[in-house]
Structures are given as structure tokens and as C-alpha cells.
Amino acid sequence: MPFFQDPPRLDNQYRTDDVLKSHLRRTLPAEVHESIEPELEEMGALTVDLHREQLATREEEPRVVAWDAWGHRVDRVEVTSLWRRAATIAAEKGLVAIPYERANGRHSRTHQFALVYLFGPSSDVYTCPLAMTDGAARTLVEHRNGALVDRAVPRLTSRNPRRAWTSGQWMTERTGGSDVGLSETIAKPTEGGKVAGLPGAYRLHGTKWFTSAVSSEMALTLARPEGEPEGGRGLTLFYLETHDEAGALNGIQVNRLKDKLGTRKVPTAELTLDGALALPVTGIGSGIRNIAPMLNVTRTWNAICSIGFMRRGLALARDYARRRAQFGAPLSEKPLHVDTLAGLQAEFEAAFGLAFRVAQLLGAVESDEASKHEARLLRALTPIAKLTTAKQAVSVVSEAIECFGGAGYVEDTGLPTLLRDAQVLPIWEGTTNVLSLDVLRAVARDGAMEAFEEEVTALTSLLQQPRLADLGRHARTTMAQARGWLADTSRRGLLETEGGARRFALTIGRTLELALLLRHAEWAQTQGNVRPTLAARRFAAHGVSLLGDELSLSEARLLVT
Ligand code: MFK
């Protein structure tokens, strides 16, 4: 009999996820955990079915139909069959609705993101429009624009797939995805122009260079009303609907879809806004500040999806290790393979704790139950979690694929897609460097350093188990080292601090991950579960600090010249 290798298989992704289960057991009241468990079981089973469909529809891609049969410009975006199914599932399961229904109070974000974490890696990145939809709903609610809240939020959070809307987040222009203040789109006031019957509309003129999931019914976008100053403060946050009541595009042309490395199922478009009618969401000016709630929500989704990707890569690699024999034994019995998987699992478990801590904080803030510490921590932890987990996702998924040898490099196994899709996580929603600078901003203006230190101290100073207590001291020492670094580089000038911002942010992120893992490990030991302790030890051994004997800015310049 010739040999054929068994492919990797997925099983119910909730039932087999000890990390998620144990986190929920510790952080949720028993009655909340019990009440949401059937949904998680069901989602865990669905992910397996969707995974099969992902493989079967691997070659489908979205397309734009520019013209109809009779020569009308229609720019219709057609998405893949899996995306259509994902849209129905997402609405019916309430993946955006849950935190707005708030049935579980401050735990509603944990509830939502537990489902999103399971769903994400099976959805062909349908999480992209969902993240923006959640961000748009949150932004409209925060700005208390009653008419727009009444118009859009019930649709954005609907559980009825026929009624549910998604939203775009149109920010990036040719001038820059990071320096959004350079945006060139202009807004002209109209005489009597309306959006959905609401007066006060402007007409927008310009080009949006990267608009993810352009299949949405509405978008939040930025434009500069004529006469307003340059920079971010001169921009205004606008609400628009992509089609009018008759179904015609609202002064929007889809120029083309981007030909991207990954997220191939996401219809990312270049758009021309040629008089699109749009309403200011909350007055004129301060557009960047006003769109920040959206960014913070989508960055949280990014962190959750990062751990989802890691979990998927590891689930497949672990299953495969039991099926694949080399040199006389299954890979799962080969010491070096076991050690490699253990290292990846430790990175994943650390990232998991950080992503879900942000979810927990967001839930507390939204239900007005957050302490002052929690509110301050949320602002600064959001960019930290996004940038730290995204980097871990790329590295863990890359290693997970290597666990398959050549098979991981072959398209019809579906494995390369995982890596390509993960590679977007550190790029969109603010690159690692841009978010590191955002962390410095939060440190300078919002007392973030104190919030980080308070969090690490609270998590580690009461640890009883000697090994964990030792690692807790290590986490506190690293925080003190980071504070010292900040003081030292600040004395040497702003540019020195800026030059080290990424190492600083990643150090804070990894130290917080260790502290969260230790806190969880001590609790888990009381339940007879030593796995988190092992994960904490291995994670600490990988190292948490990136600060040390570093180059000055002038030395770094010399190295790259
Ligand atoms: C799977 C997951 C799915 C995710 C889906 C994603 C799909 C969508 C794809 C995309 O749309 S990707 C494009 C996303 N674009 C970005 O994330 C922009 C990246 N650039 C930044 O974030 C820059 O830091 C920023 C544009 C904000 C810098 O611009 P400025 O003009 O230098 O802003 P500045 O002066 O720092 O901040 C302006 C105001 O906003 C300040 O408040 P004040 O007006 O009161 O001084 C800031 O404090 C405030 N602000 C900025 N960032 C904030 C914030 N407030 C709260 N939270 C933040 N994160």
C-alpha cells in the first residue's frame, strides 16, 4: 500500500480549549458562565463546519461588477459564499449585538469576545467588517448623536440577518495610513442636502485609498470642511450611507479592489468620493479624536483575533503531531517537537490573558462599573494589547506552519492562508511603531505608567506559590526597569525616547502578559490545574524585557546608514 498522510483535523474548538474554559471559569460568575456555555459549544461546533467550507471554497474571491448589462455604473461588490454565511451567523449569534444588549452587565464584552475568538479563524476574516461595525456603533453611542443612533445602531446591532448592517471605517488616503491628519478629502456644505431624511449634509470629495470590507451599508469617515485648518484637528468625523433609498451609490465609485498578500476574501477597495452626502457625527473639527472610540474597539478585536489565529495554528499543529510519524515515532513523541509546541503554547497563553483583560476592562467601562484605575488602564492597554499580540500571532502562526514541513507551504492544505491573514494584524489599525508612539502619548498625558505598575503589583504581590512569587518579583522588577528607562531616555531628549518606543511598549506588553498569566496560574493550581504555571515558567524563560544595553539613536543611525 502506498503511503498517504492523514491531514490535520479540527474538533469542537470550544470543547477542547482548556485555556478559554479555565479563563471563563475564573473571571465569570458561575451563573453567567453556565448561561453562555451552550452558545460557546454551538460556536465551537460551527467553527469545524466553517473550516471545512473554508477549504472547499479556498479559491473564491470577492469581485466588483462595475457596470450592469445596460451600461449603468453600479460598482456592485460581490463577496464569497462563506462571507454570506458568516454574515448570517454573525447576526444570529449576536457577535456585534451582545455588548449593546448587555444581558450580562460588565461581563458582556467577555461573552462577546469568547464567541468572536472561536469564530474568527473560521470566518475568512469576516471579523474585519464586524470589528468596524462594533466600532461604529460604539462611536455613535459615545457621541450621543440621537438621530444617528436611532437610525444606525439598531441596524448595526441587529440579530436579524436581513436587517443587519455592517459599517466601514474609511480613514486611509494616499497621503498616509498612519499620519491621518494629512487627509485631502474635502467636505462642502449643501443647501438642504439630507442623509436618510436628516438635514445638514455635506458633500465629500476625495479618494480613500484602503477601505476594508467595502460591502458595508454605512461608513464613518474623515474629511476637511472647506476653510478648516490643516492636520487632524481640521478634520471632521462624518457618517454616510453607501446607497440611497433607491439603491444607487451615494456619490461613490469603487475604483478597484486591492491585490493583497492576505485577507484575500476581504473586499478592500480604493474609492473615489465624488459628492457623497454625509453628516457630521459631532460638530466640526477634532475628527481624529472623535474617531478614536472606533479605533480602540477595532484594536481590541484585533487582539482577540490575534489569539484566535494562534489557537487555530496550534490546534492544527497539535493534531498533526499525533498523525505524522517521522524517524520511527509520531512527532508528538519527539522531544524537540514537544518542546517547540510548548514554547508556542506559552506565548499563546500569555497573549490570551492580555487580550481578554482588555475585553474585561472595556465591559466594565461600558457598563459604568469601572474603577478609576480600570478606566485609565483601558486607554493605555488597548494599543499595548494590539501591538503585542499581533507580533506574537505572526511569529506563532509562522512556527505552527513549520510544524507541517513542506505541507505547511502548500496552498491546498489551507495552511499558508493562516500566515498571510495573520500578517495583516500588526499592520492595519495602526502599525506596531505607530501604536508604540500612541503608548508614549498615553504615558505622557494619561498616567499610563502608573496604571501599568499598579496592575502588575496588584496581580503579583499576593502570589503564594514560591515559584510564581519569584516570577512575580521578576515582573515588578521589569516594570521598575521600564520606568527607569523612561526617565533616563527622557533626560536624553524626546527623540531618544521615541527611538526606543517599540522596545518599551513590547516590554510593558510582555510584562503584563506574564503578570496576568501568574495570577491565573495561582488560581488554576487551586483547581488542580498546573498547565498555566508551566506556561508562565516557559513564557518567562523566553524573556519579557527588550530594554537593556541598547544603542543610542546616533548609534542606530550609524548601523542603518
Ligand atoms: C480582525 C480585526 C479587525 C480589524 C478591522 C480593521 C479594518 C479596518 C482597516 C483600517 O481602517 S486600517 C486604518 C486604521 N488607521 C489607523 O489606525 C490610524 C493609525 N494612526 C494613528 O493611530 C495615529 O496615532 C493618529 C492618526 C491618531 C495620529 O494622528 P495625530 O493627528 O498626530 O493625532 P494626535 O494629535 O496624536 O491625536 C489627536 C487627538 O486624538 C488627541 O486628543 P486631543 O485632541 O484632545 O489632544 C489624542 O489624544 C486623541 N487620540 C488619538 N489616538 C487616540 C486618542 N484618544 C483615545 N484613544 C486613542 N487611541
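**Group meeting: cavities, a pocket and a ligand**

Okay, let's start inside the protein: helix α8 gives three residues to the lining of the second largest cavity, the largest share. A quick word on what we're looking at: this is a predicted model, where local features need pLDDT of at least 70, side-chain atom pairs count only at pLDDT 80 or more, and totals for chains, interfaces and linings use all residues. Residues are numbered from 1 along each chain as its sequence is written, and side-chain values use heavy atoms, with hydrogens and water left out.

Now the terms. On a 1 Å grid over the protein atoms alone, a cavity is a set of points where a 1.4 Å probe fits but cannot get out; a pocket is an open set with protein on both sides within 12 Å along at least five of seven lines; and a lining residue has an atom within 4 Å of a point. Points are joined across faces, edges and corners, and the volume is the space filled by probe spheres set on them. Helices (H or I, at least four residues) and strands (E, at least two) are DSSP runs, numbered from the N terminus.

So how many cavities of 30 Å³ or more are there? Two. The second largest, the one I opened with, has a volume of about 40 Å³. Its lining is Gln13, Tyr117, Leu118, Pro121, Gly308, Arg311 and Arg312, and α5 and α8 each supply at least two of those residues.

The largest cavity holds about 90 Å³. Around it sit Thr16, Asp17, Asp18, Val19, Arg311, Leu314, Ala315, Arg318, Gln345, Phe348 and Arg531. Here α1 (18-27), α8 (287-323) and α9 (335-366) give two or more residues each, and α8 again gives the most, with four. By class, that's four nonpolar, two polar and five charged. For the classes, Ala, Val, Leu, Ile, Met, Phe, Trp, Tyr, Cys and Pro are nonpolar, Asp, Glu, Lys and Arg are charged, and the others, Gly among them, are polar.

Next, the open space. The second largest pocket comes to about 800 Å³. It has 40 lining residues, and the closest to its centre are Ala164, Thr166, Ser215, Ser216 and Glu217. Helix α3 supplies the largest share, six residues. The lining counts 22 nonpolar, ten polar and eight charged residues.

On to the ligand. There are 27 residues around it, meaning a heavy atom within 4 Å, and Ser178, Arg289, Asn296, Arg299 and Arg441 come nearest. Which atoms of Ser178 and Arg441 are involved in polar contacts? A polar backbone atom of Ser178 is 3.0 Å from a ligand nitrogen, while Arg441 puts a polar side-chain atom 2.8 Å from a ligand oxygen. Arg233 also has a side-chain N or O atom 3.4 Å from a ligand oxygen. A polar contact here is a pair of N or O atoms within 3.5 Å; within protein, one must be able to donate a hydrogen and the other to accept it, and residues adjacent in sequence count only if both atoms are side-chain atoms.

Last, two backbone oddments. Arg102, in the loop between α4 (98-101) and α5 (108-119), has a positive phi near 50°. Thr263 also has a positive phi, near 40°, and belongs to the loop between β10 and β11 (269-280). Buried or exposed, where does Thr263 fall? Buried, because its relative accessibility is 4%, and the cut-offs are under 20% for buried, over 50% for exposed and partly exposed in between (1.4 Å probe, protein chains only). Arg102, at 33%, is partly exposed.
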